[in-house]
Amino acid sequence: MGNSQSQSLSSDPRFVSATRTFSPTEIDDLKRLFLSLAAQSQQKAQYISPSVFQAYFGIRGPLGARLFNLVTQNRNDQKLTFEDLVIAKGIYEKGARDEIEEFIFHVVDATGDGTVGRSDLEAVITSILDSIFYSKRAEPGLSSNQDIIEIFLNAATFSKDVEGCNEYRMSFGDFKSWCSLLPSVRKFLGNMMMPPGPGRPGSQLPHLLYPEDLSPNLLVLRKEYAWHIGGALSQHELEEWSLLYHSALNGLSFNTFIGNISSGDGPTILIIKDTEGYIYGGYASQPWERHGDFYGDLKSFLFQLYPRASIFRPTGSNSKLQWCAVNFSSESIPNGIGFGGRVNHFGLFLSASFDQGHTFVCSTFDSPCLSKSNKIYPDAIECWGVKTKGGQEERSDLLKASDPRSAYLPDCSWQSFDSRVGTN
């Protein structure tokens, strides 16, 4: 690279080790990237400046500054060398999961003392949300910044008692647990060194489709909630989500619910807002079909959206994943839909009356009670169909067929959420 510092750093064992993980072609690509960014930095093409680094990777605010400092090994000289780039990219792209998580933790750890405070975490969450939802904060479908920050903070545990500190702080173990509950956050932090774009893991948002006459303000699923849920899904499941059922449009009707969602054969996302204001639900990987027992596979999961954001994946302890009982007369087979647990003690259950249900601590997903109390009373129920990449079947007729007002809805009544508020 032509500068004395680079030459001295080339003997850094971390650099030597990192170069061995890349192919010659990949090293050449990294050299071209470095030269391009260094040229933009106006430092005689020898270093990358903080502003150019943050602009290229799309990481703004405190998080971008911390990432730059860590990549430059905390030299505080505002100069990122080629060796710095190779070492950091080697960890992110070639490192083991533990190495990546340790690197991420150091980015979040503002003081460098091996712990993270609540204010540190809040700054990180703010930077993430600004990177993904930048310039869209006042548009429909996006919640207030502080409300969303709080739901992610509420998932954190601060168990470390640090001498001289008036609050408990987050340990590395706490951080890993937090990341496991928030896969969207983990994906974003684990891919910060990838070029920004709609395909960067942790930054993807599904297109939300719903009837034009349904006000966005009635939707329970916010864009930030969709991003949170999407963190537990594969990339091809983040293309398009279509609203199949909404209680405000279709009424609290189990038969209408089953009729609307039975026409699709893909995964669905059930979301409940109860009368206590709690929001939660489940991802059903299998179609909702009449069974007299549990069924499903390990792709299903439960989630919380408000006042705490969390994802609860199957533990593998049992196969009691989905429940869908319709028109059974036996008390041992309760009619309704549910996830996990056991009969009459589900992780989440909605009775066939659709006016009540329950949620209990559940070993199937290692999930807690999802609401304020075990007994739940729905205020709003939504179900979204997940259209996987390549599946082009239209779902627009599903709601119109069950809606008595459908005769008055024009054929163009279904539009993408993003066509009304702008793309991300």
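Is Asn-344 buried, exposed or partly exposed? In this predicted model, Asn-344 has a relative accessible area of 47% and is therefore partly exposed, since exposed would need over 50% and buried under 20%. You will find Asn-344 in the loop between strand β8 (336-342) and strand β9 (345-351). Its backbone deserves a look too: Asn-344 is not a glycine, yet its phi is positive, at about 65°. As background, most residues other than glycine have a negative phi, and most peptide bonds are trans.

With that in mind, let us visit two further places in the backbone. Asp-366 is another residue other than glycine with a positive phi, here near 50°. Asp-366 belongs to the loop between β10 (357-358) and β11 (375-376). Its relative accessibility is 58%, so Asp-366 counts as exposed. The other place is the peptide bond between Tyr-306 and Pro-307, which is cis, with omega at about 5°. Pro-307 is part of the loop that runs between β5 (301-306) and β6 (310-312).

Now turn to helix α4. Its buried residues are Pro-50, Val-52, Phe-53, Gln-54 and Phe-57. Among the elements that cover these buried residues are α3 (24-40) and α5 (61-71). Just after α4 comes Gly-58, with a positive phi near 70°.

Aromatic rings are a good thread to follow from here. The structure contains 21 aromatic pairs. One of them is formed by Phe-53 and Phe-57, whose ring centres are 5.0 Å apart and whose planes make an angle of 55°, a tilted arrangement. These two residues share helix α4 (residues 50-57), where they stand 4 residues apart, about one turn of the helix. Phe-53 and Phe-57 are both buried. For another arrangement, look at Phe-346 and Phe-349: their ring centres lie 4.7 Å apart with the planes at 15°, and because planes under 30 degrees apart count as stacked, this pair is stacked. Phe-346 and Phe-349 are both buried as well.

Back at α4, Phe-53 and Phe-57 join Tyr-56 and Phe-68 in one aromatic cluster. A ring can also have a charge over it: the charged end of Arg-290 sits over the ring of Phe-328, 3.9 Å from the ring centre.

What about the nonpolar interior? In soluble globular proteins, nonpolar side chains tend to be buried together. Here the largest nonpolar core has 115 residues, and the members that touch the most others are Leu-67, Leu-121, Phe-152, Trp-178, Leu-189, Trp-241 and Trp-384. Another core, of 6 residues, lies apart from that one and includes Ala-325, Ile-333, Phe-346 and Phe-349. So the stacked pair turns up again, this time as part of a core.

Our last stop is a pair of helices. Two packed helices are described by the angle between their axes and the distance between the axes. For helix α6 (residues 82-94) and helix α7 (residues 97-108), the angle is about 125° and the axes are 8 Å apart. That angle makes α6 oblique to α7. Where do the two helices make contact? On the α6 side, the contact involves Ala-88, Ile-91 and Tyr-92. On the α7 side, Glu-99, Ile-100, Phe-103 and Ile-104 take part.

How values were computed. Residues are numbered from 1 along each chain as its sequence is written. This is a predicted model: local features need pLDDT of at least 70, side-chain atom pairs count only at pLDDT 80 or more; totals for chains, interfaces and linings use all residues. Side-chain values use heavy atoms; hydrogens and water are left out. Rings of Phe, Tyr and Trp (its six-membered ring) pair if their centres lie within 6.5 Å; planes under 30 degrees apart count as stacked, over 60 as edge-to-face and the rest as tilted. Buried means under 20% relative accessible area, exposed over 50%, partly exposed in between (1.4 Å probe, protein chains only). A charge sits over a ring if NZ of Lys or CZ of Arg is within 6 Å of the ring centre and within 35 degrees of the ring normal. A nonpolar core is a set of buried Ala, Val, Leu, Ile, Met, Phe, Trp, Tyr and Cys residues joined through side-chain atoms within 4.5 Å. Axes are lines fitted to C-alpha atoms, for helices over the stretch in contact, and angles run from 0 to 180 degrees between N-to-C directions. Angles under 35 degrees count as roughly parallel, over 145 as roughly antiparallel, 65 to 115 as roughly perpendicular and the rest as oblique. Contact means heavy atoms within 4.5 Å.
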